[in-house]
Amino acid sequence: MKIGFIGVGAMAQAIIQGLLNAKFVPANDILVHSAHKAHYENYAAAYGLTAQETNIALTQNSDVVVLAVVPKVAANVLREIGDALNPTKTLISIVSGISLNRLAELTDYNLPILRSLPNINSEYGQGMTAVAANENLVDQRKQAALAVFKATGEVSELPEDQFAVFSAISGSAVAYVDFFIDCLSRAGVKYGFGKETATKIAAQTALGSAQSLLASKKTPAEMIDKVCSPGGDTIAGILAMEQAGMLNSVVKGIDATIEKSTGNSSK
Ligand SMILES: NC(=O)C1=CN([C@@H]2O[C@H](COP(=O)(O)OP(=O)(O)OC[C@H]3O[C@@H](n4cnc5c(N)ncnc54)[C@H](OP(=O)(O)O)[C@@H]3O)[C@@H](O)[C@H]2O)C=CC1
Ligand SMILES: O=C(O)[C@@H]1CCC=N1
């Protein structure tokens with residue numbers, strides 16, 4: 001199976017590296033093209049991928065075409081490759097905010113299309129990807145498209161009307177979780193730890209907490225209660241964080257993320 005990536009930015013590279021790590025396909029079966037020749041050619045050369053001169057050539061030579069450009073250029077790229085797509089090829093979009101119907105409208109209503117929203121942790125096989133398939137993507141072809149993301153982490157099939165929220169609490173939330181880790185690390189620095197040491201401690205604590213939460217099948221609140229010894233230090237910290245508006249700050253951040261991706265305000 002030849003997989004072509006239109007765009008080799010941050011998210012495409014994370015998926016490609018995840019696929020290479022998983023040995024999903026031979027490196028030269030991954031085709032790439034992007035806006036800047038030096039960028040996609042150097043990237044292809046570094047990892048043994050196959051560079052393509054144009055988006056159209058990439059589409060013609062791929063079984064699966066992954067649209068990995070930013071939303072504002074996606075429509076033009078889809079119009080450009082429309083004639084090179086046909087129902088024997090699967091179109092996968094990772095573009096935030098573009099519906100299955102809009103993808104078909106810009107190309108061809110007969111195409112098998114998978115709308116996806118991955119996250120950057122795909123690079124290390126720790127991704128979390130939402131997918132929605134159109135009615136033309138079924139059976140083996142659908143399984144092959146899902147396999148691209150299963151090779152790089154967890155996959156959840158979701159109705160399209162949940163994609164914006166998913167994107168906020170997963171795609172974008174990688175940055176928010178890292179932001180929290182950085183906050184812990186800076187607090188460590190305030191009290192004299194070196195930044196590198198503090199970050200390692202905070203990151204391992206976040207990793208261990210997430211793994212323990214999933215393994216325990218308990219709720220986050222139950223895990224919090226186990227850490228808060230009666231009359232102890234942690235409950236004092238939780239109360240101070242809440243007094244500073246922790247929960248509201250996070251929800252406001254998610255509101256802003258959803259508003260940006262949909263143009264709709266929840267208020
Ligand atoms: N970053 C993330 O964590 C996530 C991103 N996404 C989605 O992924 C998409 C890409 O985001 P991201 O990787 O962050 O963005 P980047 O800006 O890092 O990458 C965009 C890529 O598009 C390429 N490009 C621009 N114009 C064209 C064109 N006309 N033809 C071919 N390639 C073109 C650029 O080329 P060049 O490199 O040569 O300049 C670049 O490689 C977005 O739609 C975003 O919504 C979804 C989930 C998570
Ligand atoms: O910031 C963005 O627009 C993309 C979508 C989800 C994560 N990154």
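**Figure 1. Who sits around N55 in this predicted model.** Skip the neighbours within four places in sequence, and N55 is in contact with I6, H33, V77, E80 and I81. The residue itself belongs to helix α3, which covers residues 55–60. Is N55 buried or exposed? It counts as buried because 23 other C-beta atoms lie within 10 Å, and the cut-off for that label is 20 or more. If you're wondering about annotation, an unreviewed UniProt entry puts a "binding site" at N55.

**Figure 2. The surroundings of ligand 1.** Here we have 28 residues around the ligand, and the closest are G7, G9, S34, H36 and S96. Which elements give two or more residues to this shell? They are α1 (10–21), α2 (37–47) and α4 (71–81). As for chemistry, the shell around ligand 1 splits into 18 nonpolar and 10 polar residues, with no charged ones.

**Figure 3. The surroundings of ligand 2.** Around this ligand you'll find S96, S167, G171 and S172. How do these residues divide by type? The shell has 4 polar residues, no nonpolar ones and no charged ones. S96 may look familiar from the previous figure: it is also listed among the closest residues to ligand 1.

**Figure 4. Strand β7 and its two partners.** Strand β7 takes in residues 127–133, and 6 of its 7 residues are buried, so the strand is mostly covered. With β6 (residues 113–117), β7 pairs in the antiparallel sense over 4 bridges. To find your place in that pairing, look for R115 opposite A132 in β7. With β8 (residues 153–157), the pairing of β7 is parallel and runs over 5 bridges. A handy marker there is A130, which stands opposite S156 in β8. One thing to keep in mind when looking at side chains: in a regular strand they alternate between the two faces of the sheet.

**Figure 5. From β7 to β8 by way of helix α6.** What kind of unit do β7, α6 and β8 make? Together they form a β-α-β unit, and it is right-handed. The helix in this unit, α6, spans residues 139–150. The two strands are the parallel pair from the previous figure.

**Figure 6. The stretch annotated as a dimerisation domain.** The unreviewed UniProt entry labels residues 160–261 "domain: Pyrroline-5-carboxylate reductase dimerisation". How much helix and strand does this stretch hold? Over residues 160–261 the chain is 82% helix and 0% strand. The C-alpha atoms at the ends of the stretch are 13 Å apart.

Methods
Residues are numbered from 1 along each chain as its sequence is written. Chains are lettered from A and ligands numbered from 1 in the order in which they are written. This is a predicted model: local features need pLDDT of at least 70, side-chain atom pairs count only at pLDDT 80 or more; totals for chains, interfaces and linings use all residues. UniProt positions are given in the numbering used here, feature names are shortened, and annotations may be inferred rather than shown by experiment. A residue is buried if 20 or more other C-beta atoms lie within 10 Å of its own, exposed if 12 or fewer, and partly exposed in between; C-beta atoms are placed from the backbone. Two residues are in contact if their C-beta atoms, placed from the backbone, lie within 7 Å. Two strands pair if DSSP finds at least two bridges between them. A crossover is right-handed if, with the strands pointing away from the viewer, the path from the first strand over the helix to the second runs clockwise. A residue is near a molecule or strand if its C-beta atom, placed from the backbone, lies within 6 Å of it. Ala, Val, Leu, Ile, Met, Phe, Trp, Tyr, Cys and Pro count as nonpolar, Asp, Glu, Lys and Arg as charged, and the others, Gly among them, as polar.
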